[in-house]
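Welcome, and please take a moment to look over the sequence and the 3D view. The report that follows walks through some features of the chain, from its surface to its strands and charged pairs.

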Amino acid sequence: MSRSLQLQISILHFFSLSKEDVFAVLPAVETQLVWLVDLDMRIDAVKQCGYTHPCKAICFALTTQHLYHFLQTSSCRLSLFVAKMSSNRITDEAVAGAWSSRRHADNTPYVHKVGVPPKQSLFKELKFTFNETFFHDDPLRPFKDQSKSRKLMLGIQAVFPILEWGRRYKLSMFKGDLIAGLTIASLCIPQDIAYAKLANIDPQFGLYSSFVPPLVYALMGSSRDIAIGPVAVVSLLLGSLLQEEIDPKNKYEYQRLAFTATFFAGATQFLLGFFRLGFLIDFLSHAAIVGFMAGAAITISLQQLKGLLGIKKFTKKSDIVSVMRSVWTNVNHGWNWQTIMIGVTFLVFLLVTKYIVNHIERGINPPSLNEIHFTGSYMMKGLKIGVVAGMVALTEAVAIGRTFAAMKDYHLDGNKEMVALGTMNIVGSMTSCYVATGSFSRSAVNYMAGCNTAVSNIVMSCVVLLTLEVITPLFKYTPSAILASIIISAVVGLFDYEAMILIWKIDKFDFLACMGAFFGVVFISVEMGLLIAVGCHIFRQDSSPSDTAKNCSTWILRLLNDEEEQLKENSQPRIQYLIVELSPVTDIDTSGIHALEDLYKSLQKRDIKLVLANPGQVVLDKLHASDFANTVGDDKIFLTVGDAVMTLAPKMEP
């Protein structure tokens with residue numbers, strides 16, 4: 001064995017110790033490697049004790065079985081072992097016995113003895129479960145040991161993050177935000193007009209929804225990259241649900257119900273964030289979202305055949321059978337060949353280069369608070385539609401925000417995002433907007449254009465304002481065929497066939513969920529496809545613990561942040577490897593693999609290598625099928641934690 005592994009180690013075996021107990025023992029430890037085994041308390045409580053000993057590495061929460069295996073396969077000398085306690089307190093006899101074992105560790109064979117942990121009361125178990133479910137990120141931690149004035153300022157900054165990052169904003173950052181804002185504005189204006197058509201409302205309402213909501217989000221949102229506005233899927237879903245209740249020809253009542261649904265969509269999002277219920281959006285797995293989006297892309301494209309072919313009498317249903325029947329029954333007399341030529345030519349131009357019909361009212365958003373139904377039957381209909389549309393919009397926005405946050409390695413608070421999105425839709429419903437959310441296409445353009453902060457959303461809003469005040473008459477004679485072409489070109493990217501192939505390779509049940517959502521949207525309705533997607537995910541959750549990696553990745557990064565801060569304060573060597581012990585993970589789906597990929601990318605930016613230990617056969621097969629095993633590297637996957645430590649310790653930088 002390498003000379004560098006000839007270390008003395010200390011094993012602290014704690015059962016429900018208070019932080020005072022830990023504080024009493026840790027300063028006496030003089031060895032280089034400390035293992036904290038079966039630690040039944042919050043890690044941050046241990047960190048508050050302070051490390052005054054010269055240890056080089058501290059490992060938390062390993063089980064005694066893994067530690068025993070490590071001791072058997074290494075030549076490290078045992079120096080301190082504390083295992084016996086009385087009334088959850090370390091006794092003087094236990095400490096004395098530990099020091100005695102230290103003096104004779106080299107001559108006495110080690111026999112591991114497992115103590116009986118104290119039985120937890122029902123209240124403590126419920127308290128622990130409640131905290132881990134709703135307050136796992138310890139949101140009140142920044143407020144500890146702060147003055148009242150400082151707490152007030154932190155509270156205001158928590159609600160309005162712009163007050164925090166705005167103080168650090170520099171003029172050099174504005175160039176990237178300005179270019180990004182102008183770019184996404186040029187993309188959003190034609191899209192907003194087209195998406196309003198999907199929702200069966202006048203085009204100016206699409207522009208309204210890219211003016212007020214982005215301004216509210218810039219004040220309250222924490223994502224630097226997400227671009228706010230109407231999106232195709234939510235517009236289609238909203239239009240589909242609204243026309244089941246009111247004929248779009250009854251324009252005034254239809255718009256009132258749209259504003260009512262938008263208000264309740266915002267209220268749903270706000271309440272989910274305020275009460276920290278963000279975990280509910282996980283009822284849509286990655287596979288289900290892929291299938292739902294692909295089905296929506298097909299449905300949206302089929303709906304545009306009315307404008308593309310110049311058909312006047314067209315079905316109001318969204319399923320493929322009804323749409324195709326409506327298309328072919330009009331083939332002899334309903335198709336307009338001049339319209340087809342214009343539409344197809346413009347569509348080809350949009351698809352290759354990648355680079356409107358009714359009068360658009362000039363002016364900014366008129367108030368619409370008095371048009372929202374707060375009583376009566378329409379209120380309940382708006383509530384039902386709003387909850388569904390709000391959840392779908394929320395799922396898309398949070399997924400987009402997390403994607404770009406992982407790419408730029410910054411933290412995104414999901415619950416704060418929900419509050420921000422909810423507030424902007426509540427305000428939007430009062431200013432003639434319909435449901436707005438994060439747009440993936442616009443956010444991707446925003447990211448590639450070099451945005452630095454949410455100021456790019458403010459720039460986009462200013463351009464939309466200018467459009468509403470000055471340029472709207474130019475859109476008066478835009479043909480329907482061109483609007484249809486814009487919509488089709490925008491939703492083509494939603495059909496992610498590569499993701500479907502990968503899901504098939506990784507998990508066949510996930511693929512069934514994906515196809516269930518896809519065919520549910522295409523052959524029945526958008527809401528049925530959504531219901532199938534949620535149902536498949538709930539069934540999978542009941543039958544297999546497939547989201548373990550997904551749920552743990554956030555906790556790992558949080559723990560890593562705390563540990564790095566502690567090491568920096570004590571001038572200790574930085575963390576170079578993160579070993580993830582996978583024996584509790586019996587299965588993993590595409591959502592879990594995506595969580596591991598995000599963890600890997602975050603660690604790469606910190607110059608920390610991800611190491612996997614003891615993956616089961618099923619998990620290992622899926623890691624190879626997804627090519628994630630090759631990404632990590634075969635030399636970073638080990639049978640046991642002990643093997644990983646023995647192999648990697650000699651490679652660590654001093």
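Let us begin on the surface. Arg150, Arg167, Arg168 and Arg224 form a positive patch there. Patches are built from residues with over 30% relative accessible area and no salt bridge, joining like charges within 9 Å and nonpolar side chains (Val, Leu, Ile, Met, Phe, Trp, Tyr) within 5 Å. For the charges, Lys and Arg count as positive and Asp and Glu as negative, while His and the chain ends are not counted. The place of a charge is taken as NZ of Lys, CZ of Arg, CG of Asp or CD of Glu. One member of the patch, Arg168, sits in the loop between helix H7 (162-165) and helix H8 (171-198). Arg168 is exposed, with a relative accessible area of 52%. Here buried means under 20% relative accessible area, exposed means over 50%, and partly exposed is in between (1.4 Å probe, protein chains only).

Before going on, please note that this is a predicted model, in which local features need pLDDT of at least 70 and side-chain atom pairs count only at pLDDT 80 or more, whereas totals for chains, interfaces and linings use all residues. Residues are numbered from 1 along each chain as its sequence is written, and side-chain values use heavy atoms, with hydrogens and water left out.

**The chain as a whole**

The chain has 654 residues, and 51% of them are buried. Its secondary structure comes to 29 helices and 11 strands. Helices (H or I, at least four residues) and strands (E, at least two) are DSSP runs, numbered from the N terminus. The accessible surface is about 30900 Å², with 63% belonging to carbon and sulfur atoms. Such areas come from the Shrake-Rupley method with a 1.4 Å probe, and for residues only the protein chains shown count as cover.

**A nonpolar patch**

The surface also carries a nonpolar patch made of Leu152, Ile156, Val159, Phe160, Leu163 and Leu219, with about 490 Å² of accessible area together. Which helix gives the most to the nonpolar patch? Helix H6 (residues 148-159) does, with 3 residues. Leu163 belongs to helix H7, and Leu163 is partly exposed at 40% relative accessibility.

**A sheet of parallel strands**

Further along the chain, 3 strands make an open sheet in the order E9-E10-E11, with parallel pairing. Strand E9 (577-581) and strand E11 (637-638) are the edge strands, each pairing on one side only. Two strands pair if DSSP finds at least two bridges between them. Strand E10 (residues 609-613) is joined to E11 by 2 bridges, and Leu612 has Ile637 as its bridge partner in E11.

Helix H26 (residues 590-605) contains Glu597, which is partly exposed with a relative accessible area of 24%. Glu597 and Thr631 are 34 residues apart in sequence, and their C-alpha atoms are 8.9 Å apart in space.

**Charged pairs**

Side chains of opposite charge can pair when their charged atoms come close. The structure holds 9 salt bridges, each being a side-chain nitrogen of Lys or Arg within 4 Å of a carboxyl oxygen of Asp or Glu. The table lists some of them.

| Salt bridge | Distance, N to O |
|---|---|
| Arg256 and Glu253 | 4.0 Å |
| Asp607 and Arg574 | 3.3 Å |
| Asp635 and Lys636 | 3.0 Å |

Arg256 and Glu253 both lie in helix H12 (residues 251-274), 3 residues apart, about one turn of the helix. Arg256 is buried, at a relative accessible area of 16%.

Asp607 lies in the loop between H26 and E10, and Arg574 in the loop between helix H25 (548-569) and E9, so this pair ties together parts that are 33 residues apart in sequence. Asp607 is partly exposed at 45%, and Arg574 is partly exposed at 37% relative accessibility.

Is Lys636 buried or exposed? Lys636 is buried, with a relative accessible area of 13%, whereas its partner Asp635 is partly exposed at 47%. Elsewhere, salt bridges that share partners join Glu245, Lys381 and Lys384 into one network.

**Two asparagines with positive phi**

Asn200 is not a glycine, yet it has a positive phi of about 65 degrees. Asn200 is placed in the loop between H8 and helix H9 (203-208), and Asn200 is partly exposed at 29%. Asn614 has a positive phi of about 55 degrees, although it is not a glycine. Asn614 is in the loop between E10 and helix H27 (617-625), with a relative accessible area of 26%, partly exposed.
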